[in-house]
Amino acid sequence: MDFLSLFCTAALLAGGLYWFVCILGPAEQKGKRATDLSGGSISADKVQDNYNDYWSFFRRPKEIETTDKVPDFVDTFYNLVTDIYEWGWGQSFHFSPSIPGKSHRDATRLHEEMAVDLIEAKPGHKILDVGCGVGGPMRAIASHSGANVVGITINEYQVNRAKLHNKKAGLDSLCEVVCGNFLEMPFQDNSFDGAYSIEATCHAPKLEEVYAEIFRVLKPGGLYVSYEWVTTDKYESDNAEHVAAIQGIERGDALPGLRSYSDIGEAAKKVGFEIVKEKDLGKAPAGPWWNRLKMGRVAYWRNHIVVTILAAFGIAPKGTVDVHEMLCNTVHHLTRGGESGIFSPMHMILCRKPSHS
C-alpha cells in the first residue's frame, strides 16, 4: 500500500470515528459526548465493582423491597447510567407517546407540559418535581408555566448536572435542585402549590410511602399528577414470556418490583388523596411510546461500538460496556412489554389534597 492510500485509509477511519463520537454521539441537548462518559459520582476505577454490586441486589431480593436499602440501590444505578442516558437519549429520562409529524423531542416536551397543565401551575406557584433526574422535565415545565420548580433526586451527580443545565438554559432563577430521598423529603408541611412525578416513583419499594410524603408537603387543595410504570390488565403472571419481560424491565431499571395498574389509585386513596382522574396515556389512540426504542436499534449498535472502543482505550471507565449492554438488553424487554400491551410507563393519576387537610 503506497503512502497516499495509507493516508486516505487513516483519514477515513479518523473521520468515521469523529462522526461516530462527536457528531452522532451528543444527546439531543448536547449535554454529553461519548468521550465524557463517566460513572457519575463513582470513581472510574470503581465503576465495574459498582456494576457488580448493582446486580448483587437482585441476588438479595428482600433487600430491594425495604425502604432502608432502596436509596443505595437506586443511587448506584443512576451513577452508572446517567451519562449514558444523557448521551444516548437526552435530558428527559422518560417515554412519551409518538405523535405523527412531531419529533421525539417535541413529543417529550408536550408530554411534560401536559403534566404541569393538569396541576394548573401558574407564575408564582411553587411546584415539586419528585425524582427530577438531570432536570429535563423541570426546565420544560418552568418555561411553559412560569412556575418555580423545586426538584429532588437521590443522586448527587444528577443534582450537579441539573444545576449546570439550568444555568445554561437561563432557568436557574426558576429551577432549584435538592439532593435527597423522596421517601423522607427535607421540605416543610404544606409548602408546595402542586407536584408531579414523571416515571420516578416506580423506584419506591412501597408507593404509599412516597405518596404520603407528597401529600404531606402539598398545600391543602393542591394537585399532584404522576406518570406511573405499571403492568396492565393484559399481564398474566402465569405466562412465562410476560414474566420474563417484566423481570427484564425491573432488573434493567432499578425497580424493586413493578406494580399493577390497579394498585395506583388504591395507594393514593390510602394516604388521603382524592382521585380527580386516572388514565393510561399509552393506550390507543395514543401513538406507541416504544416506537423510539425500535427506531433506535441502529443507534444502540453504533453506540455500543463507540463505548467498547472508548473503554478499550481507557477513555471510558472499565464497566461502562457492561452497563451499556445491560441497557441495550432492557430495550428489548421494554419494547416487548409495549408491543404486547402488558406494560405501560405512563399510567397517569391526578390527585388532589383535600382543602380541609
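The following paragraphs describe the overall make-up of a predicted protein model, then its cavities and several of its helices and strands.

The protein contains twelve helices and eight strands. Of its 357 residues, 53% are buried, and the protein exposes an area of about 16,000 Å², of which carbon and sulfur atoms supply 54%. When contacts with a sequence separation of 6 or more are considered, 79% of them are accounted for by residues 24 or more positions apart.

Three cavities of 30 Å³ or more are present in the structure. The largest cavity has a volume of about 800 Å³ and is lined by 48 residues, among which Phe77, Tyr78, Tyr85, Phe93 and Asp253 lie nearest its centre. Two or more residues of this lining are given by each of helix H3 (70–88), helix H5 (136–145), strand S4 (192–198), helix H11 (297–312) and helix H12 (320–340). The largest share of the lining of this cavity comes from H3, which provides eight residues. Sorted by class, the lining of the largest cavity comprises 30 nonpolar, 15 polar and three charged residues.

The second largest cavity has a volume of about 80 Å³, and its lining is formed by Trp89, Phe95, Ser96, Pro97, Ser98, His104, Ala107, Thr108, Pro288, Trp289, Asn291 and Arg292. The elements that contribute two or more residues to the lining of the second largest cavity are helix H4 (104–118) and helix H10 (291–295), and H4 gives the most, with three residues. By class, six residues of the lining of the second largest cavity are nonpolar, five are polar and one is charged.

Thr108, one of the residues that line the second largest cavity, is located in helix H4. Its relative accessibility is 8%, and because a residue is buried when this value is under 20%, Thr108 counts as buried. Apart from residues up to four places away in sequence, Thr108 touches Ser92, His94, Ser96 and Arg292, and of these Ser96 and Arg292 also belong to the lining of the second largest cavity. Phe95, likewise a lining residue of that cavity, is separated from Thr108 by 13 residues in sequence and by 7.1 Å in space, taken from C-alpha to C-alpha.

Helix H5, which was named above among the elements lining the largest cavity, is mostly covered, since eight of its ten residues are buried. These buried residues of H5 are Gly136, Pro137, Met138, Arg139, Ala140, Ile141, Ala142 and Ser145. The cover over them includes the helices H4 and H6 (156–168) together with the strands S1, S2, S3 (175–179) and S4. Gly146, the residue that follows H5, has a positive phi, near 80°.

Strand S1 (residues 126–130) and strand S2 (residues 148–153), both of which take part in covering H5, run parallel and are joined by five bridges. Within this pairing, Val130 has Ile152 of S2 as its bridge partner. Because four of the five residues of S1 are buried, this strand is largely enclosed by the rest of the structure.

Helix H2 (residues 47–57) also has a set of buried residues, namely Val47, Gln48, Asn50, Tyr51, Tyr54, Ser56 and Phe57. The elements against which the buried residues of H2 pack are H3, helix H8 (240–252) and H12; of these, H3 and H12 each give two or more residues to the lining of the largest cavity. Tyr51, which lies in H2, has a relative accessible area of 12% and is therefore buried. When its neighbours within four places in sequence are left aside, Tyr51 is in contact with Leu80, Asp322, Val323 and Met326. Tyr51 and Asp322 stand 271 residues apart in sequence, while their C-alpha atoms are 7.8 Å apart in space.

Conventions
Residues are numbered from 1 along each chain as its sequence is written. This is a predicted model: local features need pLDDT of at least 70, side-chain atom pairs count only at pLDDT 80 or more; totals for chains, interfaces and linings use all residues. Side-chain values use heavy atoms; hydrogens and water are left out. Buried means under 20% relative accessible area, exposed over 50%, partly exposed in between (1.4 Å probe, protein chains only). Contact means heavy atoms within 4.5 Å. Accessible areas come from the Shrake-Rupley method with a 1.4 Å probe; for residues, only the protein chains shown count as cover. On a 1 Å grid over the protein atoms alone, a cavity is a set of points where a 1.4 Å probe fits but cannot get out, and a pocket is an open set with protein on both sides within 12 Å along at least five of seven lines; lining residues have an atom within 4 Å of a point. Grid points are joined across faces, edges and corners, and a volume is the space filled by probe spheres set on the points. Ala, Val, Leu, Ile, Met, Phe, Trp, Tyr, Cys and Pro count as nonpolar, Asp, Glu, Lys and Arg as charged, and the others, Gly among them, as polar. Two strands pair if DSSP finds at least two bridges between them.
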